[in-house]
Amino acid sequence: MHQPQSAVTDFTQIRHFIQDGHVLNLALNNGTYPYVVPVNYGYIFDSDQTLHLYVHGAPVGQKRDLIAHDPHVAFSIVADQAFEHSANSCTYWFKSVLGTGLATLLTDRPAKELALQRLLQHEAGDQAHLDLSGKNLDHLGAIRIDVTHLTAKQHQPQS
């Protein structure tokens, strides 16, 4: 890391960054150039504090094709960003999380339901009420990312 003083290693802080973000930029292998797509996400930390991210989309398309060919992905989440400037200086305040992982295309109903529940819970919090029991999930493309590496950094004003 170029500026180690910006590194965040406190796991509680990193969890808050993930909670506060709402757009995940997902990078997929596409031959010569990476394919990056912004997506909303949900998440869960399992009992050993491993992060699992959930994204959704169409049941067919470039994102799914690329993951089927190579499940290795990278991602970034930026939370709490702001640009500040004056006559003599300018800076950008942010909190960010970067990571890598292995993506799995979810095909069975329980896995797709969990993905949607986590996504909705993250976006709507206590207001998340979605009855999936009668819904046809055949037209939903859900993806789980099992995170293998995670780093975070921030640049915030001094309080």
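# A walk from the aromatic cluster outward

Start by selecting Phe 11, Tyr 43 and Phe 45: together they form one aromatic cluster. Keep in mind as you look around that this is a predicted model.

**Stop 1: the rings**

How many aromatic pairs does the structure hold? The count comes to two. For one of them, show Phe 11 and Phe 45, whose rings meet edge-to-face with 5.3 Å from centre to centre and 80° between their planes. Now colour by secondary structure: Phe 11 belongs to helix α1 (residues 11-20) and Phe 45 to strand β4, so this pair ties together parts of the chain that are 34 residues apart in sequence. Then bring in Tyr 43: its ring centre is 6.0 Å from that of Phe 45 and the planes stand at 75°, so this pair is edge-to-face as well.

Switch on a surface and check how covered these residues are. Tyr 43 and Phe 45 are both buried. For Phe 45 the relative accessibility is 11%, and buried means under 20%. Phe 11 comes out at 30%, which counts as partly exposed.

Before you leave the rings, add Arg 15 to your selection. What does its charged end sit over? You'll find it over the ring of Phe 45, 4.1 Å from the ring's centre.

**Stop 2: helix α1**

Stay with α1 and pick out its buried residues, which are Ile 14, Phe 17 and Ile 18. Turn the helix until you look down its axis: they cover an arc of only 95°, which puts them on the same side of α1.

**Stop 3: the β4-β5 hairpin**

Next, select residues 42-45, which make up strand β4, along with its partner β5; the two pair in the antiparallel sense over four bridges. To see the strands side by side, show Gly 42, which stands opposite Tyr 54 in β5. Strand β5 runs over residues 51-57, and it is mostly covered, with five of its seven residues buried.

Now follow the chain around the turn. There are five residues between the strands of this hairpin. Zoom in on Gln 49, which lies in the loop between β4 and β5. Check its backbone angles: Gln 49 has a positive phi of about 70° although it is not a glycine. Is Gln 49 buried or partly exposed? At 37% relative accessibility, Gln 49 counts as partly exposed.

**Stop 4: across to helix α2**

Select residues 62-69 to light up helix α2, where you will find Gln 62. Its relative accessible area is 39%, so Gln 62 is partly exposed. Draw a distance from the C-alpha of Gln 62 to that of Leu 28: the two are 34 residues apart in sequence and 9.7 Å apart in space.

**Stop 5: helix α3**

Move on to residues 109-124. This is helix α3, and Arg 109 and Glu 113 both lie in it, four residues apart, or about one turn of the helix. An α-helix has 3.6 residues a turn, so residues three or four places apart point the same way. Show both side chains: Arg 109 forms a salt bridge with Glu 113, with the closest N and O atoms 2.7 Å apart. Arg 109 itself is partly exposed, at 31% relative accessibility.

Now take in the whole of α3. It has 16 residues and reaches 22 Å from its first C-alpha to its last, close to the 22 Å expected at 1.5 Å a residue. Which of its residues are buried? Select Ala 111, Lys 112, Ala 115, Leu 116, Leu 119 and His 122. Looking down the axis, you will see these buried residues fall within an arc of 135°, so they line one face of the helix.

**Stop 6: a second salt bridge**

A search of the whole structure finds two salt bridges. You have met the one between Arg 109 and Glu 113; for the other, select Arg 144 and Asp 146, whose closest N and O atoms are 2.8 Å apart. Arg 144 is partly exposed, with a relative accessible area of 24%.

**Last stop: zoom out**

Finish with the whole chain in cartoon view. The secondary structure comes to three helices and eight strands. Trace the chain along the sequence and the pattern reads β-α-β-β-β-β-α-β-β-α-β. Of the chain's 159 residues, 34% are buried.

Note on methods:
Residues numbered from 1 in each chain as written. Heavy atoms only, no water. Buried < 20%, exposed > 50% of the residue type's maximum accessible area, 1.4 Å probe, protein only. Pairing = 2+ DSSP bridges. Phe/Tyr/Trp six-rings, centres within 6.5 Å; stacked < 30°, edge-to-face > 60°. Lys NZ or Arg CZ within 6 Å of the ring centre and 35° of its normal. Salt bridge = Lys/Arg side-chain N within 4 Å of Asp/Glu carboxyl O. Expected span 1.5 Å × (residues − 1). Arc of directions from axis to C-beta.
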